[in-house]
Structure formats: structure tokens, C-alpha cells
Amino acid sequence: GDTVLTVEYALPDVTTQDLAVHVGHLSPPTPPDTVVPGWIVHFAIVGQTPGDTTRGYLVRENTTIKANVDTTDATGRALIEFRLNPITFPVVQDTIEVLASASYRGEPVPGSPVRFVLLIRPEALP
């Protein structure tokens, strides 16, 4: 199913949300799966053309480098950060979808793509 995340923003902060997927092989009976390092995972903001950063954009973890792809690490995890573009503030509320897709020999792996639904809203006042 979809992964639904609430992303709260407060001016003038740059708002980010980590989006991570795990890729593994099923290997019964134990352990239930094994990790898959070095696989490419593509991330895409639904309904936003490449290069468009109006609503938000994707960056490599802990950097400012815009990206739409990551490679699984030794634990099978691929991670990218979504950054809400501050020029869109004040956004009362919005929903942004991001798809993460892994494939093997050009075919999507089972469970791919994963859909993240980001619920954008202002941070609640104390």
C-alpha cells in the first residue's frame, strides 16, 4: 500500500522528508529476505516534469544535490530527500506523490513502484 507521511512546514525553515525503500530477495525459510546492495532505485514526483522545482524537489541524502535516483546501500536501502520549495509558501495544505521504482533487467521488481503520499500542511502553533 501507499506510505502516507505528514510534512509540516514552518517559515522560514527548509522542510525536508526522507523517503526510503528497502530492496531484498526472498530466501525462505530463514531469514525471510536478504538485502540487495547496488541496485538502482528511481524516484519521481508524480505530475511534475523533470527540472520543475515549483512544488518541491528531490535531493541526495544530506546534500543539496538535486537527484532522482539512488543506489541501494549494504543494507538494501535507497534513500532520497524531498524538499518543499519555500517559494510556494504559504501553502495551506497540499498533497504530493512520489514514486520509487526498482527494476531488474528492465522489469519492475515485485512490490515496485512504491508510492509515497506527502500531506503538506503548516506546522501547528504551540
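# A walk through an all-strand model

Let's begin with the charged pairs: taking a salt bridge as a side-chain nitrogen of Lys or Arg within 4 Å of a carboxyl oxygen of Asp or Glu, the count comes to four. Keep in mind as you click around that this is a predicted model.

**Get your bearings**

Colour by secondary structure before you pick anything. What will you find in the way of helices and strands? There are zero helices and 11 strands in the protein, so from the N terminus on you simply pass one β element after another. The protein has 126 residues, and buried ones make up 33% of them. Now think about contacts between residues at least 6 apart in sequence: 64% of these join residues that are at least 24 apart.

**Stop 1: the three-strand sheet**

Select residues 16-22, which are strand β2, then 77-84 for β8, and 56-60 for β6. Together these three strands form an open sheet in the order β2-β8-β6, with antiparallel pairing. Which strands sit at the edges? They are β2 and β6, each of which pairs on one side only. Look along the sheet and you can follow its twist, which averages 30 degrees from one strand to the next.

Now go through the pairings. Strands β2 and β8 run antiparallel and are joined by seven bridges. Between β6 and β8 the pairing is antiparallel too, over five bridges.

Click on Ile 80 in β8. Leu 19 stands opposite Ile 80, and Arg 60 also stands opposite Ile 80. Step along to Glu 81 in β8, which is the bridge partner of Val 59.

While β8 is still selected, switch on the surface. Is this strand mostly covered or mostly open? Mostly covered: seven of its eight residues are buried.

**Stop 2: Glu 81 and Arg 83**

Show the side chains of Glu 81 and Arg 83. They meet in a salt bridge, with 3.1 Å from N to O. Glu 81 is buried, at a relative accessible area of 5%, and Arg 83 is buried as well, at 12%. Side chains of opposite charge can pair when their charged atoms come close.

**Stop 3: Arg 60 and Asp 70**

Go back to Arg 60, the residue you met opposite Ile 80. Its side chain forms a salt bridge with Asp 70, and the closest N and O atoms are 3.5 Å apart. What does this pair tie together? Arg 60 lies in strand β6 and Asp 70 in strand β7 (residues 69-71), so the bridge links parts that are 10 residues apart in sequence. Compare how covered the two partners are: Arg 60 is partly exposed at 34% relative accessibility, whereas Asp 70 is buried at 16%.

**Stop 4: Glu 97 and Arg 115**

Next, select Glu 97 and Arg 115. They form a salt bridge too, and here the closest N and O atoms are 3.0 Å apart. Glu 97 belongs to strand β9 (residues 94-104) and Arg 115 to strand β11 (residues 114-122), so this pair ties together parts that are 18 residues apart in sequence. Both ends are partly exposed: Glu 97 at 27% relative accessibility and Arg 115 at 31%.

**Stop 5: the loop with Ser 112**

Now move to the loop between β10 (107-108) and β11, where you'll find Ser 112. Is Ser 112 buried or exposed? Buried, with a relative accessible area of 17%. Leaving aside neighbours within four places in sequence, Ser 112 is in contact with Ala 100, Ser 101 and Ala 102. Zoom in on Ala 102: its backbone nitrogen lies 2.9 Å from a polar atom of the Ser 112 side chain.

**Stop 6: the nonpolar core**

For the last stop, show Phe 43, Phe 82 and Leu 118. These have the most contacts inside the largest nonpolar core, which has 24 residues. Where do the core's residues come from? The elements that give two or more are β1 (3-9), β2, β5 (40-45), β8, β9 and β11. In soluble globular proteins, nonpolar side chains tend to be buried together.

Finish by centring on Leu 118. Setting aside its neighbours within four places in sequence, Leu 118 has contacts that include Leu 5, Val 7, Leu 19, Phe 82, Ile 96 and Val 98. Gln 17, Asp 94 and Thr 95 are in contact with Leu 118 as well. You have met Leu 19 before, opposite Ile 80.

Key. Residues are numbered from 1 along each chain as its sequence is written. This is a predicted model: local features need pLDDT of at least 70, side-chain atom pairs count only at pLDDT 80 or more; totals for chains, interfaces and linings use all residues. Side-chain values use heavy atoms; hydrogens and water are left out. Helices (H or I, at least four residues) and strands (E, at least two) are DSSP runs, numbered from the N terminus. Buried means under 20% relative accessible area, exposed over 50%, partly exposed in between (1.4 Å probe, protein chains only). A polar contact is a pair of N or O atoms within 3.5 Å; within protein, one must be able to donate a hydrogen and the other to accept it, and residues adjacent in sequence count only if both atoms are side-chain atoms. Contact means heavy atoms within 4.5 Å. Two strands pair if DSSP finds at least two bridges between them. A nonpolar core is a set of buried Ala, Val, Leu, Ile, Met, Phe, Trp, Tyr and Cys residues joined through side-chain atoms within 4.5 Å. Axes are lines fitted to C-alpha atoms, for helices over the stretch in contact, and angles run from 0 to 180 degrees between N-to-C directions.
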